[in-house]
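Here are my notes for you to read with the structure open beside them. Take the points one at a time and find each place in the viewer as you go.

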Amino acid sequence: MKNENRFMIISQNDKPKGFFYVFFHHKLGVCGLCGILLFILMAIFAPMLGDMPQGYGDFSSVQLAPSAEHFFGTDAMGLDVFLQVVWGARTSIRMGLMVVLYSILIGVPVGLIAGFFGKKTGEFLMGVTDLFLTLPMLPLMIMMAAILGPSIENVALVVGVLSWPRIARVTRAATLEAMGMQYIEAAKCLGIPTGVILGKHVFPYASSFILVETTMLMATAILAESGISFLGLGDPTVWSWGKILQGAQQNGIFFQAWWCSLFPSIFILLFVVSFNFFSLGIREGLNPRSREI
Amino acid sequence: MKANKYLLLLSMILLLLMLAACGSTGNTETDENGGQDMAQAQSADGTLTLGMLADPDTLNPLATTDGNAGCWFAAMVYPTLLRQDENAEVEPYIATDYGVSEDGMVVTFTLREDLQWADGTPFTSADVAYTKYLAGDLGISPTTASALDLVESVETPDDYTVIFHLSQPSYSFVTSIGVRLYILPKHIWENVEDPANFLNNTNQVGMGPYKLAEYTEGEYYIYEAVENWLDAPNGIQAKKLVFRIYPDVNTMALALQNGEIDITARDLSYDLIEQLRGKGYEIAETNSLGFTHIGFNLENEFINDLAVRQAVAMAIDKDTVLQFAVKGQGEVMDSIVSPAFSGLQTDDAENLYPAYDVEGAKAVLAEAGYSDTDGDGILNAANGENLSFNMIVISNDVALTNGAEVIKQCLKDVGIDLEVMLLERTTFIQRRLDIDFDSYLASWGTMEPMMGDFIVNYLSSSPVYFNGVKCDATEEAVLAMQSAVNEEELVAGIHAFEKAMAQDIINVPLYMQKLSYAYNGEAVSNVQAYPSAMHGVTTPEALVNMTLGE
């Protein structure tokens, strides 16, 4: 059917479908968006749901199974797991945003420069990018987190520094594509400064591709943070889903108090799946072929 | 086409090389024996596999300050003059007899005459004298330094008599040196260039029931039984001991259930013990002769203020700490002398340390000039600085990490900000030795008053004095214990020390816990846990008495 559509005569009144039209007709993308909105709301309204669990609770309420009073039960310190999970959403979103910021700050300039300037600069920068891509992420993260100290900012820095190559590659590919377009040639001929061409013309073209990659990166970031927290190298002052799992594992109640391990695991899964679905929706929305009449 | 063929050939060669590389562990020692040993650990006859949580700090028996693997491995290979039985009573080991002169200045050990080192060299008094030279004169052994500092000279009138002449009387010297100093073979160690940093990781020549066969740091340690050990005339059933390292107790318990290990060499938490008991695993229990406590570094300006230390002691709800740390499996301590030695406590031991009193702690801090001037809930000193300090804790000890959470909250309630720093065990040991902390939370492996353990750890000149700055009352009481010439004087010294510690508060004792080890009854039986975490199920006598496969 699609191929047939390609040969249809387009009348003057027919317009290509808009991004939002395609996106909101992409079921998985909408599911992802709903999931993300839910996490954002959860993070924003966490203080209204309850104070951040700290220290220890009542000894009589240690390792209680889920109930109306404690939706997700309590942990080995008698603290409410639901509140830990809710406050953990804040950490996850904060962490994801910081990783994306670091990755964009490094990856976008590298990708733009590599794509815009000649062969040698591009090859050199892509060589560096490939080098970073080959680095084993988890051992490096563990090492850097151990050296820099356990804080959410440091973990984000570590993950960001190791994740920018993905953004750089996408940006470079988009830049190379843009470079072949006539309006860039025209801008060059008019003597418009390189910085302006990159910022005003090339970057807007590449931004849609970068957006798709950043949504995927959010999912990677939370997985990395959970891994580091589970290994005990996360920020001890905030709740994160990895930290809840680590507490259950350390206390030897992983299976005994299953609620301490099940709920944070489900939330990690939902968070990652939501962002992956969301990025699928965006990709579909940005794909010109999907937007054909 | 030709190029493609060569490329294909090259790829095939590379693939084969990679496959060949997969077969090697990369460890030459392991390649020959180890890989096979590890694979057969469970099935081979006479192999007992034990689970542990961290590498020893060192395999050098003099330099170790590690209350777990460091001293287990030292005791398995090297003998001491005296030892403790399953009731913690002192008994002869390689000494047959010992005595103290009336004035307490001369200590004599008579040695067994039928002993030889693992390489066949006879054991003589020269070995003891040389060990004293290494540990005392060269100052290598932090745990016996304070006792050996008292030795003026060592006399060896014959091959089987050692006489220590002391510079001052000391009643606790006999047991302190007798039980804590590992005796080394002179003919081996006199050829060691730098004994303090000697790794001692190959060809160990000792006199214990086992010797190190091989190890890979962070993974495993394999010990092999020696022939004809002095206390096992009929041989040792556990011919090979494989100690495997696990990151935490939970993984170790899973390893026990998976059949990877036969016994846990480290004590387990109450939850895990109950879980394993329910699944039919056997449990060996004993009392800790040590205790969990907070140690202060008085070099920190806040902690140097006695009011702050008093407030910390008053702010901590020890009952809650005990509940969350070990599920109440132990006893709260209000004195530096553990309830395990209740006979040595003063009559008013319970009232020596300031009692739990949150309002009282706040009042003490207010009186000392601390107030919350910036409204952040944390008190400030006169210069505006937040009343904040760190506490280092071993990260894979859940009793300690849970306890630290409670302590942090308790201190927060009185306006003190405690930064809990979770460290890997060997990093913790090193930082504590370097006094690189503000406070620490840890358990003594053993702290026996009559054996001079207080002197070892609380004499300000001791290499294992972790409090940074000397406190007069405590130092005076320690010196009184050290110079006691008889039991009465030593007990009086202990009482004085108990009061001085509560006055200076350089430590806050929290609780004494019960130690529980789990084992697979089908793989091993006749398991006896000796008192204190330093010994437990890895005491040489306990290991050689274990029966396998029943």
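**Notes on a two-chain model**

1. Let's start with chain B and its overall build. For 550 residues, a compact globule would have a radius of gyration near 24 Å, and chain B, at 26 Å, agrees with that. Keep in mind that this is a predicted model. Measured out along the principal axes, the C-alpha atoms of chain B fill a box of roughly 85 × 75 × 50 Å.

2. What is chain B made of, in terms of helices and strands? There are 18 helices and 20 strands in it. Of its 550 residues, 57% are buried. Now take the contacts in chain B between residues at least 6 apart in sequence: 70% of them join residues at least 24 apart.

3. Next, the outside of chain B. About 21,900 Å² is exposed, and carbon and sulfur atoms supply 47% of that. The chain carries 26 positive and 81 negative side chains, and the centres of these two sets lie 9 Å apart.

4. Chain A is built from helices: twelve of them, with zero strands. Its C-alpha trace spans about 75 × 45 × 30 Å along the principal axes. Of the 293 residues here, 47% count as buried. For contacts in chain A between residues at least 6 apart in sequence, 73% link residues at least 24 apart.

5. How much of the accessible surface of chain A belongs to carbon and sulfur atoms? The surface comes to about 14,800 Å², and 69% of it belongs to those atoms. As for charges, chain A has 18 positive and 17 negative ones, with mean positions 13 Å apart.

6. On to the insides. In soluble globular proteins, nonpolar side chains tend to be buried together. Here the largest nonpolar core has 158 residues, and those with the most contacts inside it are A:Trp241, B:Ile407 and B:Tyr458. Helix α5 of chain A (residues 81–116) gives this core its largest share, 15 residues. There is also a second, separate core of 77 residues, which includes B:Met76, B:Leu82, B:Ile94 and B:Phe173.

7. Try clicking on B:Ile407. Which residues is it in contact with, leaving aside neighbours within four places in sequence? The list is B:Ile294, B:Ile316, B:Val321, B:Met391, B:Leu418, B:Leu441 and B:Leu510.

8. Now a helix that is mostly covered: α3 of chain B (residues 69–77), where nine of its nine residues are buried. Among them are B:Trp72, B:Phe73 and B:Met76, and B:Met76 also turns up in the second core. What covers these buried residues? The cover includes β1 (47–52), β8, β9 (220–225), β10 (240–245) and α18 (540–545) of chain B.

9. Just before that helix, have a look at B:Thr65, in the loop between β1 and α3 of chain B. B:Thr65 counts as buried because its relative accessible area is 18%, under the 20% cut-off. Setting aside neighbours within four places in sequence, B:Thr65 is in contact with B:Asp57, B:Pro142, B:Thr143, B:Ile429, B:Leu433 and B:Val464. B:Thr65 and B:Gln430 are 365 residues apart in sequence, yet 9.5 Å apart in space, C-alpha to C-alpha.

10. Two residues deserve a look for their backbone angles. A:Gln63 has a phi near 50°, a positive value in a residue other than glycine. A:Gln63 is placed in the loop between α4 (46–49) and α5 of chain A, and is buried, with a relative accessible area of 16%. B:Asn200 has a phi near 55°, again positive in a residue other than glycine. The loop holding B:Asn200 runs between α7 (186–189) and β8 (210–216) of chain B. Is B:Asn200 buried or exposed? At 3% relative accessibility, B:Asn200 counts as buried.

11. Last stop: A:Gln246, in helix α11 (residues 241–250) of chain A. A:Gln246 counts as buried, with 17% relative accessibility. Beyond its neighbours within four places in sequence, A:Gln246 is in contact with A:Ser229, A:Phe230 and A:Gly232.

How values were computed
Residues numbered from 1 in each chain as written. Chains lettered and ligands numbered in written order. Predicted model: local features only at pLDDT ≥ 70, side-chain atom pairs only at ≥ 80, totals over all residues. Heavy atoms only, no water. Helix = DSSP H or I, 4+ residues; strand = E, 2+ residues; numbered from the N terminus. Rg over C-alpha atoms; globule rule 2.2 N^0.38 Å. Buried < 20%, exposed > 50% of the residue type's maximum accessible area, 1.4 Å probe, protein only. Contact = heavy atoms within 4.5 Å. Areas by Shrake-Rupley, 256 points an atom, 1.4 Å probe, with all protein chains shown as cover. Lys, Arg positive; Asp, Glu negative; His and termini not counted. Charge placed at Lys NZ, Arg CZ, Asp CG, Glu CD. Core = buried A, V, L, I, M, F, W, Y, C linked by side-chain atoms within 4.5 Å.
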